[in-house]
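Biologist: I have a structure open and would like to go through it with you. Can we start with the inside and then move outwards?

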Amino acid sequence: MTSSAASPADVTEPAADVLVERDDTVGIITINRPARLNAVTSEAGDKLRSAFLDLEADSRIRAVVLTGAGRGFCAGADISGDVGNAREVLLGAWNPLVLTMQSLQLPIIAAINGVAAGAGVSLALACDLRIAAASARFELSFAKIGLMPDAGLTWLLPRVVGLGRANELALLADRLSAAEARSWGLVNRVAEDGRTLADAVTMARRFAELSVSVATIKQAHHRALESDFVDQLNHEAHTQGWLQEQPDFAEATQAFAAKRPPKLNPRTPPDRSG
């Protein structure tokens, strides 16, 4: 997608197989390997991770959309050539990528425009919200070739759809339609074919109107998956106290009382240098 709001200086190409566009407050990352249904090599995985971090470092950006070029979202890891040692590929490329996506300060919306297979499902689930085209489908074929789901799938999938459905999808290796994925809770919305990216960008633009608390909500939800109830209650209390001291809270409450849109402060990118 090329928006009229983007100038040539706002569009960059870290590599031909990973495209990045800045459309006002929205960053759009496109996996650009349509001939391979956007199957990702280790090199492309590294560039995807760099693209996420670059957008996070841009204070103008409030949300990121991840999509694929052509008729597929992502067919997983590219196994057309010498893929090398699976352990090394996962530890060196895929695991850092999904960890970065999960820890990103920005919300990520997956615009699933076609097939998502294997680790491509991992990329979709590592996003915070998912919009799928009506014709999109989801496939986990690991069991058919003597492998297991990876790139975070065994952690993400049961938490998103529940253990029983995760077992059904991974053990039987059946295809899941977009409508079924919506009923399972795997995707948030189903869009008309050809509208997936536009709908995702529209949703992403809504984050321009939301405060710094978006990042803390995302962090708290991930944290809750590993903490006990008392620990999470304490985390909520302390974080709420911190948010109450931030300029966004004062501005938002004043704007609400005055029935006007809030004038939020620029987002402060996190320091990842350490």
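Biologist: Which residues have the most contacts inside the largest nonpolar core?
Modeller: They are Ile 29, Leu 66, Ile 112, Leu 123, Phe 138 and Leu 186, in a core of 54 residues. A nonpolar core is a set of buried Ala, Val, Leu, Ile, Met, Phe, Trp, Tyr and Cys residues joined through side-chain atoms within 4.5 Å. Buried means under 20% relative accessible area, exposed means over 50%, and partly exposed is in between, with a 1.4 Å probe and protein chains only.

Biologist: What does Leu 66 touch, not counting residues up to four places away in sequence?
Modeller: Its partners include Ile 29, Phe 52, Phe 73, Met 101 and Leu 123. Contact means heavy atoms within 4.5 Å.

Biologist: And what lies apart from the largest core?
Modeller: Another core, of 15 residues, with Ile 109, Ala 111, Ala 200 and Phe 207 among them.

Biologist: Before I go on, what kind of model is this?
Modeller: This is a predicted model, where local features need pLDDT of at least 70 and side-chain atom pairs count only at pLDDT 80 or more, while totals for chains, interfaces and linings use all residues. Residues are numbered from 1 along each chain as its sequence is written, and side-chain values use heavy atoms, with hydrogens and water left out.

Biologist: How many helices and strands are there?
Modeller: The protein has 10 helices and 11 strands. These are DSSP runs numbered from the N terminus, with helices (H or I) of at least four residues and strands (E) of at least two.

Biologist: How much of the protein is buried?
Modeller: Buried residues are 46% of the 274 residues.

Biologist: New topic. Where is Arg 33?
Modeller: Arg 33 sits in the loop between strand E3 (26-31) and helix H1 (42-56).

Biologist: Is Arg 33 buried or exposed?
Modeller: Arg 33 is buried, because its relative accessible area is 18%. Leaving aside neighbours within four places in sequence, Arg 33 is in contact with residues including Asp 17, Asn 38 and Asp 78.

Biologist: What about Ser 122, where is that found?
Modeller: Ser 122 is in helix H3 (residues 119-126). Ser 122 counts as buried, because its relative accessibility is 0%.

Biologist: Which residues does Ser 122 touch, not counting those up to four places away in sequence?
Modeller: Ser 122 touches Asp 150, Ala 151, Leu 153 and Leu 156.
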